[in-house]
Amino acid sequence: MSRQVEQALFSLMPTYGSDLPPSLVELAGSLLAQSRHRASTLKAEEEIARQYACANIACDRLKITLDLPPIEPRPPIPPRIYKRLYTHLDNILPNPAATPRTTRTRTPSSKQRDETTPSNSQTRKLPSRKTPTKEVALAPFRANSKNGNPSTKKASALNSQSSKSHIHPWIQPVIRFICAESDHKRLAPTVFAGMEHILTQDGRPTEDQWVIHHVTDLVAAVYFFVMMRVRSITSGAGIDREGYVPLRKEILSLIARASQEVAVPDVDVSEEWTGWNDIKSKDFDAAVTKVNENDWLSGDWYDGIIDVISSTTRADDDLSEDDLESSEALLPTRRADTMLQERYDLLSEVKRSEYVAWRNTMLTRIAQAKPGESVMEIDS
């Protein structure tokens, strides 16, 4: 987890060339852990940027204390959504250094005031507020972890145990490797969110035995459906039988390479690849069928792919922030709780391409159905 936090911090401060201050890494990790407790139910599109937002908050809170270089946020989600997430987390996460505890003192009577007021020669200097040290800044977080009430400790232990039981430690590194090798790094959080959606049902680990014993198959299948969605959005073309087989071969090759090249950090060697199994073409086909049979593609993580693609496109065009906001307002936001869904957008690129194909087919059939010109013979 510390490596992921460090990567987020380096992306926020690209000009920072030396090792990151331990206090900054520790504060970012502490904010991330507290956010999972205080804001455990974020939307899928916001969950993608949780870690990035916590790292950003840590940089903003310690930029003066640590004399950090300019912070340049480039979140993995659209700016409007990220701004809302950042504000929400900044409000709910405690910041003792910014809001020190004040103590009330009783005002002495006039007689007591006369007795206690020092002379001019003994006047005390007003205390000046010093910059908090690392130990002072992190003391409240450590105190909470050590002296927390039993119910909080029990809930944290249950959440930790539950997370470890259904999210295998190799899933995230493998997904990151596959997306990086296929030049789709920005889709890694989306694929991981899809796996969390499948492995967690109603906030608890799934009890589906097929899912439990075919986690590797599902990683490949979820990545496949994400790629199908991306191709549909960008080019308006689906994947037929001729395109399915090469893509399946490519995914199986990446999965096989991942088992040999990916290193699982901060995990005991005996538990690194728990739940992993080598897959073949028939296993991949079965996983794709299983995903189609269930409603696993109906979550926000799948609907939010269009936001990830649109934000990536705008970043590549190097638009200004104002242009990002204006162009984002023109893009349709397809959410599960609104009527603005893809199937109702009859003027989208996908619908237009489908209409052109249908029109050409119908014109061809009409031309074939017309009777041929025949020459009538007239008896003289």
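Okay, let's start with a spot where two parts of the chain meet: the lining of the second largest cavity takes at least three residues from each of domain 1 (1–92) and domain 2 (170–315). Those domain bounds come from an automatic or database domain assignment. Before I go on, this is a predicted model, where local features need pLDDT of at least 70, side-chain atom pairs count only at pLDDT 80 or more, and totals for chains, interfaces and linings use all residues. Residues are numbered from 1 along each chain as its sequence is written, and side-chain values use heavy atoms, with hydrogens and water left out.

So, back to that cavity. What do we mean by the word? On a 1 Å grid over the protein atoms alone, a cavity is a set of points where a 1.4 Å probe fits but cannot get out, and lining residues have an atom within 4 Å of a point. Grid points are joined across faces, edges and corners, and the volume is the space filled by probe spheres set on the points. The structure has two cavities of 30 Å³ or more, and the second largest has a volume of about 30 Å³.

Who lines it? Ala 44, Glu 45 and Ile 48 are there, along with Thr 190, Asp 300, Trp 301, Gly 304, Ile 305 and Val 308. Helix 3 (44–47), helix 15 and helix 16 are the elements that give two or more residues to this lining. By type, the lining splits into five nonpolar, two polar and two charged residues. Here Ala, Val, Leu, Ile, Met, Phe, Trp, Tyr, Cys and Pro count as nonpolar, Asp, Glu, Lys and Arg as charged, and the others, Gly among them, as polar.

Now zoom out. The chain has 18 helices and two strands; these are DSSP runs numbered from the N terminus, with helices being H or I of at least four residues and strands E of at least two. Of its 380 residues, 34% count as buried. Buried means under 20% relative accessible area, exposed is over 50%, and partly exposed is in between, using a 1.4 Å probe and protein chains only. And of the contacts between residues at least 6 apart in sequence, 74% join residues at least 24 apart, where contact means heavy atoms within 4.5 Å.

Next, the cores. A nonpolar core is a set of buried Ala, Val, Leu, Ile, Met, Phe, Trp, Tyr and Cys residues joined through side-chain atoms within 4.5 Å. The largest one has 51 residues, and Ile 175 and Met 195 have the most contacts inside it. Several elements give two or more residues to this core, including helix 9 (171–181), helix 10 (188–199) and helix 13 (241–261). Which helix gives the most? That's helix 12, with twelve residues.

There's another core apart from that one, with 35 residues, among them Val 5, Ile 57, Ala 58 and Cys 59.

Let's look at Ile 175 up close. Leaving out residues up to four places away in sequence, Ile 175 touches Ala 188, Val 191, Phe 192, Met 195 and Val 219. Ile 175 is also one of the buried residues of helix 9, a list that includes Val 174, Phe 177 and Ile 178.

Just after helix 9, something fun happens: Asp 183 takes a positive phi of about 65°. Why point that out? Because most residues other than glycine have a negative phi. Asp 183 sits in the loop between helix 9 and helix 10, and counts as exposed because its relative accessible area is 67%. Asp 67 does a similar thing, with a positive phi of about 55° although it is not a glycine. Asp 67 is in the loop between helix 4 (50–62) and helix 5 (79–92), and is exposed too, at 65% relative accessibility.

Staying with helix 5, is Tyr 86 buried or exposed? Buried, with a relative accessible area of 18%. Tyr 86 lies in that helix and touches Ala 53, Asn 56, Ile 57 and Asp 60, again not counting residues up to four places away in sequence. Tyr 86 and Ile 57 are 29 residues apart in sequence, yet 7.6 Å apart in space, C-alpha to C-alpha.

Last stop: Val 267, in the loop between helix 13 and helix 14. Val 267 touches Pro 169 and Glu 272, with that sequence cut-off of four places applied. From Val 267 to Pro 169 is 98 residues in sequence and 7.4 Å in space, C-alpha to C-alpha.

Definitions and conventions:
1 Å grid on protein atoms, 1.4 Å probe; cavity = no way out; pocket = protein on both sides within 12 Å on 5 of 7 lines; lining within 4 Å.
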